[in-house]
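Biologist: Could you walk me through this model, one piece at a time? I would like to look at it while we talk.

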Amino acid sequence: MSALGRILLVEDDPKDVELTLTALDEYKLANEVVVVGDGEEALDYLYYRGTFATRTKESPAVILLDLKLPKVDGLEVLQQLKRDEKLKLIPVVVLTSSREERDMVASYQLGVNAYVVKPVDFHEFVNAIKELGVFWAIINEPPPGSVRKGS
Amino acid sequence: MQAMFRSDVQTKLVNASAEAQEVARDQGTPSDSGSQILTPGHGAASTVMESIRAYGLAVLAIAIASGIALVGDLQGLSRVPTPLFLIAIAVAVWYGGRGPGAVAVVLATLTFDYLFTQPRYSFHVGPEDRDHFIVFIVFAVMIGWFVSVRRRAEEDLRRARDELAEAVVKRTEQASLLDLTHDTIFVRDMNDVITYWNHGAQELFGWTSAQAIGKAAHELLETVYPVPFEEINAELLRSGRWEGELRKTKADGTRVVVAARWALRRDELGQPVSVLATNNDITEQKRREERIRQLNADLQRRSRELEASNKELEAFAYSTSHDLRAPLRHMAGYSELLQKSAAPVLDEKSRRYVAMLLESAKRMGDLIDDLLAFSRIGRAEQRNTLVDLGQLAREVVSEVERGAEGRNIAWRIGALPTLFGDRSMLRLVLVNLLSNAVKFTRTRARAEIEIGCTDGNQEEVVVFVRDNGVGFDMKYVAKLFGVFQRLHRAETFEGTGIGLATVQRIIARHGGRVWAEGAVDRGATFYFSAPKTTGGQS
């Protein structure tokens, strides 16, 4: 595991956060995860605003985005990111409970990089998270300006 | 239109004949005596007889006048003879015409000269005789002229009467024709009094013409106007006609709706005299229209309700999809974590409990997923194309086979038709039917699964999937296609009971039916029908 990227997890449900982190931890990916609880916080993080005004100027290697979020929902966050010339290069993976076609279609239309439905079965869930983490944070070459651990 | 003239014609006829009778009375003879003289077609013998009678009358008149004058003369009445002879000449001219008149004048002059002028009893012609002669001639000419004027007037009158009689016959015929029509026709004058009432009117409204004529039309019929009557009347007077729907009441009190057409008749001076009203009963038609309008309104309301409930369902499904799966995932996740972290300290029983928790959560997840998929089929838009069912079946068979490794299955794929439908939905039908067949033949050493087509009828094709599996009892056949209906226990054959319900829903959306045949332990056959396409068999 040479170059671990930073993962931004946008998830409002603490149980889902815990389970996701647990899953990532099994593959030693949990350390590089930043968790934000809603869409507004996610945008604050990405635009260095509010509590994130002083953080290092680095983009995450991948954003794991839930759709149903308080304040600003996932699709709105996605729309803003993909409209922004600088941020649109960051890979975004929608990670959601919903299998609804309209969510899927809307996400792809906005330019999402992957759409993953969280499986009920924990094993499958762990596998999905693991594969996501491994692919986006390790295998995939992130766009310039993204942070890599050890780089 | 002609009917409205009838009453007028009758009146005129009555007037005409009364006038003729008056004339006849003036003449003191039956009105048709003159016409006998003039009527052509009498034989020559009768003409001669007429002449003899006329001349005889002239002679007789003069003879009677002479006789009375002589008697008067004997009584010393010297002024009597002249008026008597004038009367005699008048009678001769009146009834005899020119010839007998001339004869009467000559005879009168001669008789007068011989009997009453000096020298008496001699034909000596003196100035007195000449005067008398001139008086007689002038008188005869005057009477003659008067007679000819009278005759001409009489003749004109007769011709007019004949024409009227003819017209009456014609109009009566037309009026009786109007009686034949099914249309309801009546005529009313400008005071709204009914003057004509045809048979159709009697049939529709119930009053006979004798009962209706003379009554005020709109009082009798209790007419209800769609707009104020003044407006209708203004339109009628302006354009001469009016059309519209009116409500009227029959003799028995029931209400009718009629399509009324009014036409105004004017006299020679342009004054409105009567209105011809045609009425067609459209009560039934109106009732049907009203019913259709109501049904349409109902339909619209229902479709709005359906739309609303569909939207609700969609919202429900959406939130189910998002919100119900999350806690399940947490239950499963934490149970798994518990199993992992507490495994060393848990006894066998507790480990089983945790396993059951996991299994139930997973099953719940499957149920929710299936239910959502099922509800999506009802809501999803159908994208129809020509679908080669044979090719689709081969695809599905290879997919289903992958999930049945290690099984001995003999597949038989017959000729299948091309259908016009949604490919992904039809695929789901085949996946469900074929995976069911694989599942329920699990207990067989060698499974036999056949998919084929029987030529249903002219409109539809029938596709079947047959297996040699465990089958089912036909008494539960009605339950097969219900949502979450299962005929096997969960431990025997897994499943949520949504597959066949999905099949039924998709086939119904494609305009077909589903049904099944089977027997316990002797396999099952599932059928679905679909409308034929011109594509035919593949």
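Biologist: Which strands of chain B does helix 10 lie across?

Modeller: Keeping in mind that this is a predicted model, helix 10 of chain B, residues 229–239, lies across strand 3, strand 4 (255–266) and strand 5 of chain B. Helix 10 runs at about 40° to strand 4 of chain B.

Biologist: And which strands does helix 11 of chain B touch?

Modeller: Helix 11 of chain B, residues 283–342, packs on the sheet and touches strand 3, strand 4 and strand 5 of chain B, and its direction makes about 125° with that of strand 4 of chain B.

Biologist: In what order do the strands of the open sheet with antiparallel pairing come in chain B?

Modeller: The order of the five strands in that open sheet of chain B is 2-1-5-4-3. Strand 2 (194–197) and strand 3 (241–249) of chain B are at the edges with a single partner strand each, so one side of each has no neighbour in the sheet. From one strand to the next, the twist averages 25°.

Biologist: How many bridges join strand 1 to strand 5 of chain B?

Modeller: There are six bridges between strand 1 (residues 184–189) and strand 5 (residues 272–281) of chain B, and the two strands run antiparallel. To find your place along them, look for B:Ile185, whose bridge partner in strand 5 of chain B is B:Thr278.

Biologist: Switching to chain A, how do its elements run from the N terminus on?

Modeller: They run β-α-β-α-β-α-β-α-β-α, and the secondary structure of chain A comes to five helices and five strands. Strand 1, helix 1 (residues 14–25) and strand 2 of chain A make a right-handed β-α-β unit. Strand 1 (residues 7–10) and strand 2 (residues 33–36) of chain A run parallel and are joined by four bridges, with A:Val36 as the bridge partner of A:Val10.

Biologist: What about burial, how much of chain A is buried?

Modeller: Of the 151 residues in chain A, 55% are buried. Helix 5 of chain A, residues 122–139, has buried residues including A:Phe122, A:Phe125, A:Leu132 and A:Trp136. The buried residues of helix 5 cover an arc of only 165° around the axis, which puts them on the same side of helix 5 of chain A.

Biologist: Which exposed residues sit on the face turned away from that buried side of helix 5 of chain A?

Modeller: That face of helix 5 of chain A carries A:Glu131 and A:Ile139, which are exposed. The buried residues of helix 5 of chain A, by contrast, pack against strand 1, helix 1, strand 3 (62–65), strand 4 (92–96) and strand 5 (114–117) of chain A, together with helix 11 of chain B.

Biologist: Back to chain B, what covers the buried residues of helix 12?

Modeller: The cover includes helix 11, helix 14 (423–440) and helix 15 (499–509) of chain B. Among the buried residues of helix 12 of chain B are B:Val354, B:Leu358, B:Asp369 and B:Arg376.

Biologist: And which strands form the open sheet with mixed pairing in chain B?

Modeller: Five strands of chain B form that sheet, in the order 7-9-10-12-11. Strand 7 (409–413) and strand 11 (514–518) of chain B stand at its edges, each with a single partner strand, and the twist averages 15° from one strand to the next. Strand 9 (residues 447–454) and strand 10 (residues 460–467) of chain B pair in the antiparallel sense over six bridges, and B:Ile451 stands opposite B:Val465 in strand 10 of chain B.

Terms used
Residues numbered from 1 in each chain as written. Chains lettered and ligands numbered in written order. Predicted model: local features only at pLDDT ≥ 70, side-chain atom pairs only at ≥ 80, totals over all residues. Heavy atoms only, no water. Pairing = 2+ DSSP bridges. Axes fitted to C-alpha atoms, helices over the stretch in contact; angles between N-to-C directions. Contact = heavy atoms within 4.5 Å. Right-handed = clockwise from strand over helix to strand, strands pointing away. Buried < 20%, exposed > 50% of the residue type's maximum accessible area, 1.4 Å probe, protein only. Arc of directions from axis to C-beta.
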